[in-house]
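Work through the exercises below with the coordinates open. Each task is followed by a solution in steps.

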Amino acid sequence: MLPKYHVYFGILASIFVYFLSGLTNALIFLFGSIFIDTDHYIAYIIKEKKWSLKRSYFYWKDEHYPYDELMIFHTIEVWFLLLIVGLFINQILFLLAGMLYHELFDIYDMHKRKLFNARAISLFAWSSRNLK
């Protein structure tokens, strides 16, 4: 899904969070729902050895999704770690909620574009397949 849609949907959901839990938590939720995609930029830098944010945007927009792509912030292990930390720091749960909200839209978009298995959901499973 294009970043602009994550921003639009993230703002809408953050308004809802604002009325339930206040401005700070709404902003943390919004941050989580948008900036989870920084792992796309990190992956672009590693793969292409270029730092251009604009080129990274077009790289991913133009369907450069090979099988089993690792996006670290989109993995179960990172979410689980945030859940554990969130048990002690409440705001982290809003960050995690924003990230999971974002992931719902990613799953819908990948299914719509028939990009099954385009991205690894588990860091451990990806590592066992790719780091031999």
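The exercises that follow concern a predicted model.

**Exercise 1. The nonpolar surface patch**

Task: Determine which residues form the nonpolar patch on the surface, and which helix gives the most to it.

Solution.
- Step 1. List the members: Tyr-5, Tyr-8, Phe-9, Ile-11, Leu-12, Ile-15, Tyr-18, Phe-19, Leu-23 and Leu-27. Together they have about 1000 Å² of accessible area.
- Step 2. Assign the patch to secondary structure. At least two of its residues come from each of helix 1 (3-21) and helix 2 (23-35). Helix 1 gives the most, with eight residues.
- Step 3. Check individual members. Tyr-5 is in helix 1, and its relative accessibility of 35% makes it partly exposed. Ile-11 is also found in helix 1; with a relative accessible area of 39%, Ile-11 is partly exposed. Leu-23 belongs to helix 2 and is exposed, at 52% relative accessible area. The cut-off for exposed is over 50%, and for buried under 20%.
- Step 4. Place two members relative to other parts of the chain. Ile-11 and Ala-26 are 15 residues apart along the chain, and their C-alpha atoms are separated by 8.8 Å. Leu-23 and Met-71 are 48 residues apart in sequence, with 29 Å between their C-alpha atoms.

**Exercise 2. The two sides of helix 2**

Task: Compare the span of helix 2 with the expected value, then find where its buried residues lie around the axis.

Solution.
- Step 1. Helix 2 has 13 residues, and the distance from its first C-alpha to its last is 18 Å. This is close to the 18 Å expected at 1.5 Å a residue.
- Step 2. The buried residues of helix 2 are Asn-25, Ala-26, Phe-29, Leu-30, Gly-32 and Ser-33. They lie on the same side of helix 2 because they cover an arc of only 160 degrees around the axis.
- Step 3. Identify the packing partners: the buried residues of helix 2 pack against helix 1 and helix 6 (90-112).
- Step 4. Turn to the face away from the buried side, where the exposed residues Leu-23 and Thr-24 are carried. Leu-23 is also a member of the nonpolar patch of Exercise 1.

**Exercise 3. The buried face of helix 5**

Task: Decide how the buried residues of helix 5 are arranged around its axis, and state what covers them.

Solution.
- Step 1. In helix 5 (residues 76-86), the buried residues are Val-78, Trp-79, Leu-82 and Gly-86.
- Step 2. Viewed down the axis, these buried residues fall within an arc of 100 degrees, so they line one face of helix 5.
- Step 3. The cover over the buried residues of helix 5 includes helix 6.
- Step 4. Phe-80 and Leu-81 are exposed and sit on the face of helix 5 turned away from its buried side.

**Exercise 4. Contacts of Asp-37 and His-102**

Task: Is Asp-37 buried or exposed, and which residues does Asp-37 touch?

Solution.
- Step 1. Asp-37 lies in the loop between helix 2 and helix 3 (38-48). Asp-37 counts as buried because its relative accessibility is 18%, with the cut-off at under 20%.
- Step 2. Leaving aside residues up to four places away in sequence, Asp-37 touches His-6, His-74, His-102 and Asp-106.
- Step 3. Follow one partner. His-102 lies in helix 6 and is buried, with a relative accessible area of 1%.
- Step 4. With the same sequence exclusion, His-102 touches His-6, Ser-33, Ile-36, Asp-37 and His-74. Comparing the two lists, His-6 and His-74 touch both Asp-37 and His-102.
- Step 5. Asp-37 and His-102 are 65 residues apart along the chain, and their C-alpha atoms are separated by 9.1 Å.

**Exercise 5. A positive phi**

Task: What is the phi of Lys-49, and where does Lys-49 lie?

Solution.
- Step 1. Phi of Lys-49 is near 60 degrees, a positive value in a residue other than glycine.
- Step 2. Lys-49 is located in the loop between helix 3 and helix 4 (53-61).
- Step 3. With a relative accessible area of 64%, Lys-49 is exposed.

How values were computed: Residues numbered from 1 in each chain as written. Predicted model: local features only at pLDDT ≥ 70, side-chain atom pairs only at ≥ 80, totals over all residues. Heavy atoms only, no water. Patch = residues over 30% accessible without salt bridge, like charges linked within 9 Å, V, L, I, M, F, W, Y side chains within 5 Å. Areas by Shrake-Rupley, 256 points an atom, 1.4 Å probe, with all protein chains shown as cover. Salt bridge = Lys/Arg side-chain N within 4 Å of Asp/Glu carboxyl O. Helix = DSSP H or I, 4+ residues; strand = E, 2+ residues; numbered from the N terminus. Buried < 20%, exposed > 50% of the residue type's maximum accessible area, 1.4 Å probe, protein only. Expected span 1.5 Å × (residues − 1). Arc of directions from axis to C-beta. Contact = heavy atoms within 4.5 Å.
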